[in-house]
Amino acid sequence: MNLTQKLEKIYGAGEPIFLEEIRAAMDGYSSPYVFQCIRKEIAEGRLARFDESVYYIPQDGFFGKSSLNPSKVVERKYLSDNGKIIGFYSGIGLLNAIGGTRQMAFVYEIITNNESTRRREVQVGKSRYILRKARCAVNNENKVILQVLELCNNYLWDDEAAEAVLNYAKRNNVTMRDVLRYSQYYPAKAIRNASEVLYGIA
């Protein structure tokens, strides 16, 4: 079984595979040998490089070999780890997605457990992202609560935005009680704005 066959069995074709995952699949081999195998698989068309330390197994299609969808790289790097949520979209992009503004995001904002700095900008494919360290660990249970708090802290600038945040909270059963559980991690402004927007939701 060659390296690509081994990786395909674990990750499948058309999915991002990170260098550390290739190293883990070749545990016991030296770094020079790992890179030699990677170069060989790429040269023979079985493996492709998307970006630094990011690879994928291309699939044959009508127009030739497939490329990797950048959103899959973002998803695996910053948003989800084996089905466990580790981050979320925030900022103008999120506000637009929930109907709170017509303004489009030219740079997407992500808050994630997989970032150690307060703010860092990266490019994945042709899209730019601002990464922010999560104020507290993001998980499946608190993702939407934290999204509401982030919007209330930074993007609650008019009635349209406030109504969109309220409706988003209602759709996801977020209450003021939920918000208060995370009050220690957010400025007083965020909690005050959230209480005004969510007033009446128990």
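Is R120 buried, partly exposed or exposed? R120 counts as partly exposed, at 35% relative accessibility. The model is a predicted one. This briefing covers the largest pocket, salt bridges, strand pairing and the surroundings of I92.

**Largest pocket**

- The volume of the largest pocket is about 240 Å³.
- Ten names make up the lining: E109, I111, R118, R132, K133, A134, R135, E150, N154 and Y155.
- Three elements each give two or more residues to this lining: β9 (107-112), β11 (127-133) and α6 (143-154).
- By class, the lining holds six charged residues, three nonpolar and one polar.
- Two of the lining residues, R132 and E109, also meet each other in a salt bridge.

**The R132–E109 salt bridge**

- The side chains of R132 and E109 come to 3.0 Å, N to O.
- R132 sits in strand β11 and E109 in strand β9, so the salt bridge ties together parts that are 23 residues apart in sequence.
- R132 is partly exposed, with a relative accessible area of 26%.
- E109 is buried, at 7% relative accessibility.

**Other salt bridges**

- The count of salt bridges in the model is eleven.
- Side chains of opposite charge can pair when their charged atoms come close.
- E115 and R120 form one salt bridge, and their closest N and O atoms are 2.7 Å apart.
- In that pair, E115 counts as buried at 6% relative accessibility, while R120 is partly exposed at 35%.
- R46 and E41 form another, at 2.9 Å from N to O.
- Here R46 is partly exposed, with a relative accessible area of 27%, and E41 is buried at 4% relative accessibility.
- R46 and E41 also belong to a network of salt bridges that links K40, E41, E44 and R46.

**The β10–β11 hairpin**

- Strand β10 (residues 120-124) runs antiparallel to β11, and five bridges join them.
- The two strands form a hairpin, with two residues between them.
- G125 lies in the turn and has a positive phi of about 65 degrees.
- R120 stands opposite L131 in β11.
- R120 therefore has two roles to note: it faces L131 across the strand pair, and its side chain forms a salt bridge with E115 because an N and an O atom lie 2.7 Å apart, within the 4 Å cut-off.

**The three-stranded sheet**

- Three strands make an open sheet in the order β1-β3-β2, with antiparallel pairing.
- β1 (17-18) and β2 (48-51) are at the edges; each has a single partner strand, so one side of each lacks a neighbour in the sheet.
- Three bridges pair β2 with strand β3 (residues 54-56) in the antiparallel sense.
- Within that pairing, Y56 in β3 is the bridge partner of A48.
- In a regular strand the side chains alternate between the two faces of the sheet.

**Around I92**

- I92 belongs to helix α5 (residues 91-97).
- Its relative accessible area is 16%, and I92 is therefore buried, under the 20% cut-off.
- Leaving out residues up to four places away in sequence, I92 touches T101, Q103, M104, A105, Y155 and W157.
- One of these contacts, Y155, is also part of the lining of the largest pocket.
- I92 and Y108 are 16 residues apart in sequence, with their C-alpha atoms 7.7 Å apart in space.

Conventions. Residues are numbered from 1 along each chain as its sequence is written. This is a predicted model: local features need pLDDT of at least 70, side-chain atom pairs count only at pLDDT 80 or more; totals for chains, interfaces and linings use all residues. Side-chain values use heavy atoms; hydrogens and water are left out. On a 1 Å grid over the protein atoms alone, a cavity is a set of points where a 1.4 Å probe fits but cannot get out, and a pocket is an open set with protein on both sides within 12 Å along at least five of seven lines; lining residues have an atom within 4 Å of a point. Grid points are joined across faces, edges and corners, and a volume is the space filled by probe spheres set on the points. Helices (H or I, at least four residues) and strands (E, at least two) are DSSP runs, numbered from the N terminus. Ala, Val, Leu, Ile, Met, Phe, Trp, Tyr, Cys and Pro count as nonpolar, Asp, Glu, Lys and Arg as charged, and the others, Gly among them, as polar. Two strands pair if DSSP finds at least two bridges between them. Buried means under 20% relative accessible area, exposed over 50%, partly exposed in between (1.4 Å probe, protein chains only). Contact means heavy atoms within 4.5 Å.
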